[in-house]
Amino acid sequence: MKKLCLLGLFVSLASHQVLAAETPVPLENKDAFISNLMKQMTLDEKIGQLRLISIGPEMPRELIRKEIAGGNIGGTFNSITRAENRPMQDAAMRSRLKIPMFFAYDVIHGHRTIFPIPLALASSWDMDAIGQSGRVAAKEAAADSLDITFAPMVDISRDPRWGRSSEGFGEDTYLTSRIARVMVKAYQGETPSAADSIMASVKHFALYGAVEGGRDYNTVDMSPVKMYQDYLPPYRAAIDAGAGGVMVALNSINGIPATADTWLMNDLLRRDWGFKGLAVSDHGAIFELIKHGVARDGREAAKLAIKAGIDMSMNDTLYGKELPGLLKSGEIEQKHIDNAVREVLAAKYDMGLFKDPYLRIGKAEDDPADTYAESRLHRAEAREVARRSLVLLKNQNETLPLKKTAKVALVGPLAKAPIDMMGSWAAAGRPAQSVTLFDGMSAVIGDKANLIYARGANITGDKKVLDYLNFLNFDAPEVVDDPRPANVLIDEAVKAAKDADVIVAAVGESRGMSHESSSRTDLNIPETQRELIRALKATGKPLVLVLMNGRPLTILEENQSADAILETWFSGTEGGNAIADVLFGDYNPSGKLPVTFPRSVGQIPTYYNHLSIGRPFTPGKPGNYTSQYFDDTTGPLFPFGYGLSYTDFSLNDMALSSTTLNTTGKLDASVMVKNTGKRDGETVVQLYIQDVTGSMIRPVKELKNFQKIMLKAGEQKVVHFTITEDDLKFYNAQLKYAAEPGKFNVQIGLDSQDVKQQSFELL
Ligand code: BGC
């Protein structure tokens, strides 16, 4: 294959009399190989490489293959099996220069085996588990002929109204940056050219998570310091970890759409950060430059995008239509097209496709007979990662863990919800293969008469919301109502509750409520379900809420009525088993929130690392003329970093190795952590630093490190963190990244609020 392919390049070269390289260039020499190939390409072939198209079920396959064979398409996404992609690669091999196609897909949290949604992965604070989820996803995707994913999504979000909060890793820059690195390495493995690796393209560059009002696709207006300090580092971390691609955000930043932003794409990304990979537009984003009002027509849109360094246009036709004319008229230069083509070819080279265009497609005789075969799933890994991502928010009177002999009333619209269990962006996950909470609990409860199920409520009673959620699939609606009246559903659940020792209510959002284009003004559990919870509470039976949702919800009332609350997000293919593991105590919960839970929507944005203010509110003192809302308690319902365990931990003897640090030195911060309870358990020890006085206002605290540790019942351990000057650096008003001498507070805690503190001076 290899030789044939190379030979093909030179044969076609001679027969088409395109400017030929004099001597064959070995494949090993990447730059020369690509330059040589580019010398042979016509303008049309070059522009063809910049086209990335979505393969929908309705697409005429024959036409697409013809276009590929004509050199008019560089890559596709959404076609996800070897059998589907092989004929397209065959078509590419029939093209004049035999430039291979690549095949992309949104592999966000698993491919066939669905892992917990990214926000849940972040809740594990477990880099090995997160890495494993990415590695499994890459292997499964590569085995299905995919070469590249549009992930990780590392947009910092401090506004849970934004539905895509579910796709990111939360509100914190440090935690998200660590995960960004881990995910890139997991997808790409040792090298993106390996047969079981896929290339990562970090998204959405940049600042998509900061859309105004949490309303999807809205504008972003942000100071440079905030950008550099809080929002840009995760993208940078992914790029430094070697991400081969970047997907450009749909939003504008300070008045310029990212897709037309030469500062963002050329000055920052390529010049300052040294990115050499592939920049892909988001879906239809080049065309949207007209809607943004920065391009008068398609021609201008294409000009702005190519000049900004958008290499590939996702699902619009403007490059093909407009670039030749723009070049002819001198409005763009050849180098603009060539730079983009070079980056596309280099990415294909890095995916190993010039060496072997069928690297991940393989031979037809080896294709899986059934792409959905159980044997292709990684259930054990998914269950292990999922249980590590669950966060215990409340556990009054040790309501949890449940006894396996208890009689349980399992109620709620999410108890038997295989689609929702997978969460949004569930790639090639199949609902029929996902374990619901009912399935998971049934597997544990021996006596089937001890598990009484009643739906209790529909997801929502609001017809408009229901229609919205089913917008894309009216034929086979994703959210299916039980047609019985609400009071009948509730009565049935109350009856089940009265017959049981304990109630487990699976409530929250359907997966589509936390999705792209699913912004909410209200973060309550929908009213139908709240009514159910009130009725269950009135039975007086112990009430356990199993929350399923893709963003922080406002659960003030439910927090008062429930005896225990387990935040499970959307936990993937093995979700039901993983949740049952925790409910019945086979796994002691260890997750911690990667986002703040507000008390109300009115508090948003609430994030733990806000800047210091001149008139802070002091708990316990009158609030007048301080920064707060007078009509509610100040502070979040659950802080960042929070999460309980079935055991208890204490922190003592926090110590710093010195009260001073010089710019080349190291400081050791330590604390004694003891498991004071009766069970073995894991917890996350978190290190926060506050720069007390600076040349500009600094956050009240910032996460700088953490360790997830396991302690046996009664065991204690000293946990050490090393602090260096690097941990103290920040972007000042001149955007200089440096530490400033002065006092720093170091805090160590098991969440961001309840901490021990010591101070030191940077000399
Ligand atoms: C989303 C991207 C996604 C792309 C391709 C867009 O609508 O914003 O995150 O990668 O579609 O599916």
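Colleague: What phi does G274 take, just after α11?

Modeller: G274 takes a positive phi of about 70°. Bear in mind that this is a predicted model, in which local features need pLDDT of at least 70 and side-chain atom pairs count only at pLDDT 80 or more, while totals for chains, interfaces and linings use all residues. Residues are numbered from 1 along each chain as its sequence is written, and side-chain values use heavy atoms, leaving out hydrogens and water.

Colleague: Why is α11 called a helix?

Modeller: Helices are DSSP runs of H or I with at least four residues (strands are E, at least two), numbered from the N terminus. α11 covers residues 262–272, so it counts as a helix.

Colleague: What makes the buried residues of α11 line one face?

Modeller: L264, M265, L268, L269 and R270 are buried, meaning under 20% relative accessible area (exposed is over 50%, partly exposed in between; 1.4 Å probe, protein chains only). Seen down the axis, they fall within an arc of 160°, so they line one face. The arc is that of the directions from the helix axis to the C-beta atoms.

Colleague: What makes R164 a polar contact of the ligand?

Modeller: A polar contact is a pair of N or O atoms within 3.5 Å; within protein, one must be able to donate a hydrogen and the other to accept it, and residues adjacent in sequence count only if both atoms are side-chain atoms. An N or O atom in the R164 side chain is 2.7 Å from a ligand oxygen, so the pair qualifies. Polar side-chain atoms of K203, at 2.8 Å, and D282, at 2.6 Å, also lie by a ligand oxygen.
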